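Me: I'm new to this one and would like a close look at a single part. Could you start with how the strands at the beginning fit together, then walk me outward from there?

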Amino acid sequence: MRLHGYFRSSAAWRVRIALNLKGVAAEHAPHHLRHGGQRAPDYLRLNPQGLVPTLEIDDGAVLTQSLAIIEWLEETYPSPALLPGDALMRARIRGFAQAIACDIHPVQNLRVLARLRQLALPEEAVTGWARWAIEEGLAACEALVVDTPGPFCFGAAPTLADLCLVPQLGNARRFGVDLGAVPRLLQAEAACLALPAFIDAAPERQGDAE
């Protein structure tokens, strides 16, 4: 199994956490997003979107999109469960995860910010856009879990929600977001960062980190 990614990509970061929690070994193939590695012809044959992550399975199948990859891992390696509980709980976990992966992350990622710079927006406006998107999104995420038992987003063990939260909080700090308004999210993050699966998936632990 081979995971194509980039050390700072929050989408690839989510998948690294999932692999670690499931105890699934994967070779890591880095693609430097800032140098255009994701647009190389060989990689575009694997992933026509030119995005990371991409997971190559041992039988030759190729999976794209982080949430789809994680759900495949969940179905293939069901323990520990990242989508536990009944149908209602699983829907709540997916809703939180998608709020980050589908609504916050895409509008503050490298590709969007690069396009804003191409449109000649000043750097202050570009980083301000990212900061605004993250602050708005995390405020909603805080409200989604503020009354749920912890210490993780949805109970006593990490779920798909936490896999999305931790990388997004990493992005928030890079853009100077004040996280004082999201104490419940910080509680979940602290619980996650006590676990080796999360520690070992961090960007600074990756061989392509710079």
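Reply: Start with strand β1, residues 2–5, which runs parallel to strand β2, residues 27–30, and is joined to β2 by four bridges. To find your place in the pairing, look for H4: across from H4, in β2, sits A29. Between the two strands the chain passes through helix α1, residues 10–22, and this β-α-β crossover is right-handed. Keep in mind that you're looking at a predicted model.

Now for the aromatic rings. There are four aromatic pairs in the structure. One of them is Y6 with F7, an edge-to-face pair with 4.8 Å from centre to centre and 70 degrees between the planes. Y6 and F7 are both buried. Another edge-to-face pair is F96 with F154, at 6.0 Å centre to centre and 85 degrees between the planes. This pair ties together distant parts of the chain, 58 residues apart: F96 belongs to helix α4 (residues 87–104), while F154 lies in the loop between α6 (123–145) and α7 (160–174). Both F96 and F154 are buried, too.

Since α6 has come up, follow that helix to its packing with helix α8, residues 183–192: the angle is about 80 degrees and the axes are 8 Å apart. With that angle, α6 counts as roughly perpendicular to α8, because 65 to 115 degrees is the range for that label. If you want to pick out the contact yourself, look for L138, C141, E142 and V145 on α6, and for P183, R184 and L185 on α8.

Definitions and conventions. Residues are numbered from 1 along each chain as its sequence is written. This is a predicted model: local features need pLDDT of at least 70, side-chain atom pairs count only at pLDDT 80 or more; totals for chains, interfaces and linings use all residues. Side-chain values use heavy atoms; hydrogens and water are left out. Two strands pair if DSSP finds at least two bridges between them. A crossover is right-handed if, with the strands pointing away from the viewer, the path from the first strand over the helix to the second runs clockwise. Rings of Phe, Tyr and Trp (its six-membered ring) pair if their centres lie within 6.5 Å; planes under 30 degrees apart count as stacked, over 60 as edge-to-face and the rest as tilted. Buried means under 20% relative accessible area, exposed over 50%, partly exposed in between (1.4 Å probe, protein chains only). Axes are lines fitted to C-alpha atoms, for helices over the stretch in contact, and angles run from 0 to 180 degrees between N-to-C directions. Angles under 35 degrees count as roughly parallel, over 145 as roughly antiparallel, 65 to 115 as roughly perpendicular and the rest as oblique. Contact means heavy atoms within 4.5 Å.
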